[in-house]
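Here are some exercises to work through with a protein model on your screen. Try each task yourself before you read its solution.

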Amino acid sequence: MRLRHALAVMAAALLVPLAVQPAHAATGLHVSGTKILEAGGQEFVMRGTSHAHTWYPTRTSSFQGIKSLGANTVRVVLSGGRWTKNDTADVTNVIGLCKASKLICVLENHDTTGYGEQSGAYTLDQAVDYWISVKAALQGQEDYVVLNIGNEPVGNNAVTPAWTEATSNAIKRLRTAGFEHLLMADAPAWGQDWKNEMRDNAATVMAADPKRNTVFSVHMYGVYDTAAEIVSYLDAFEAAGLPLVIGEFGFNHSDGDPDEDTIMAEAQARGVGYLGWSWSGNGGGVEYLDQVTDFDPARLTSWGRRLFNGANGIAATAKQAAIYGAVVPDTEKPTRPGAPAVSAITATTATLTWAASTDNVGVTGYDIHHGTTKLASSTATSTTLTGLTPNTPYTVHIIARDAAGNLSDPSPSATFTTTTSTTTCTSTYKLVNSWQGGFQGEVTVSCPPGTTGWKTTLTYPAGVTVTQTWNASLTGTYTFTNLSWNTSGGTFGFLGTWTGSGTPPTPTIS
């Protein structure tokens, strides 16, 4: 994940087009022009997220959780020693978890993050040392595994060797060591390539790969806050005939507000892979990038809902890798949720809780209905209804849904009645006009939402008589109430007479 960067304006120059063909017969996942293909020739477009395995090694249910929301790829954070090293046995286990969940496994070495700017960061050469040390876990997995050589391998400072030479050398060493895998090369400048170093030198790096089997990865955060910047960058790789994935992106970030709508729409239109950051467990002030709460796929955050279930999102666009066989359509509906329990009833709100539904793949959410009217949706097993009508009976039930759109049978119903509105309105008096012995007054009544009636009482000294009123009903001497069409507030006026001279008296209001 990108930690920080200096903002800069992207250059507009395009790469020189280069026709790229594999130097040897493909083994497993491989690139052809701008596309990623499987060994059998089927196009594969990454749709998934990242999981911070190196910091959360016991959260192994995350792989199935990510798959349950529709992903076809998971990018797994590993470490070769900057943090606790993920050894051969652990990497073997991770690959097994990916395969059990029918996910393509992008394994990334996080040690290189911010090299040259962040203390403790490893070089790409050290990242290659790590991959060689766990080679036994990787051999024979070329159909299932992509090696993301090093995460965001250069910060904003210049390093020696520079990104192009360091990345080319890393690829050559991996090929010499016998790695046949599809390799993924992250951009410099914290992955965002705002200096266009990767964009302008990607062809050189591809030429350094004797297998011609490298895909380039850009991370889109605050640098990519406009559609023009996103389109320009994607256009450059497309024009050059070079493969690109959006290896990380978010919906918000401390360095700016990425345009996730354009990122996802353009990726879908072009057949470009994308991987959101990240499943769960973020810290350091970017907790808002969690896609689910506490690693629970049933508790999607707003970012998670956007990435997985929104327009051009994972659930709608991901296709399972052909290596895992034909996708069997999910036609099994979730089980019936429990009857909702109702609490904290007010004039306009009520809190509902219910027992969870289960599903063969995974429940993605619940819809709360009053008859045929949907009142709300929730990814959790509770919600607070708002905007209800005071003093009104409601009969509610819950329907669960899964990622395939299967709906459960309705839960048992619960009935409750909202309370009578006790909201307090405020009234403001205004003297509109006056003349000898008479005057015109006006009162504006402001009420909270959901108010179903109001009453305003004016208090005058002796000698004041209200002779005419409009937009309100006069009851008693100075008490005004709403009409049928202005129960939630409004302005009413009246005419009055008084004995005395000068300015008419100002009333008190209750």
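Before we start: strands here are runs that DSSP marks E, at least two residues long, numbered from the N terminus, and two strands pair if DSSP finds at least two bridges between them. Also keep in mind that this is a predicted model.

**Exercise 1.** Work out how β20 and β23 are joined, and find the residue opposite Thr456.

*Solution.* Start with the ranges: β20 covers residues 455-459 and β23 covers residues 479-481. Three bridges link these antiparallel strands. Now look across from Thr456, and you'll meet Phe480 in β23.

**Exercise 2.** Place that pair in its sheet and name the edge strands.

*Solution.* Read off the order, β22-β23-β20-β25: four strands in an open sheet with antiparallel pairing. Next, check who pairs on one side only: that's β22 (473-475) and β25 (508-509), the edge strands.

**Exercise 3.** Describe the largest pocket and its lining.

*Solution.* First, its volume is about 620 Å³. Of the 27 lining residues, Lys67, Val327, Val328, Asp330 and Val361 are the closest to the centre. Two elements each give two or more residues to the lining: α1 (62-68) and α10 (314-317). Finally, sort the lining by type, and you get 13 nonpolar, eight polar and six charged residues.

**Exercise 4.** Is the whole protein compact or spread out?

*Solution.* Count the parts: 10 helices and 25 strands. The radius of gyration is 32 Å, well over the 24 Å that the globule rule gives for 510 residues, so the protein is more spread out than a compact globule. Its C-alpha trace spans about 105 × 55 × 40 Å along the principal axes.

Notes:
Residues numbered from 1 in each chain as written. Predicted model: local features only at pLDDT ≥ 70, side-chain atom pairs only at ≥ 80, totals over all residues. Heavy atoms only, no water. 1 Å grid on protein atoms, 1.4 Å probe; cavity = no way out; pocket = protein on both sides within 12 Å on 5 of 7 lines; lining within 4 Å. Points joined across faces, edges and corners; volume = space filled by probe spheres on them. Nonpolar A, V, L, I, M, F, W, Y, C, P; charged D, E, K, R; others polar. Rg over C-alpha atoms; globule rule 2.2 N^0.38 Å.
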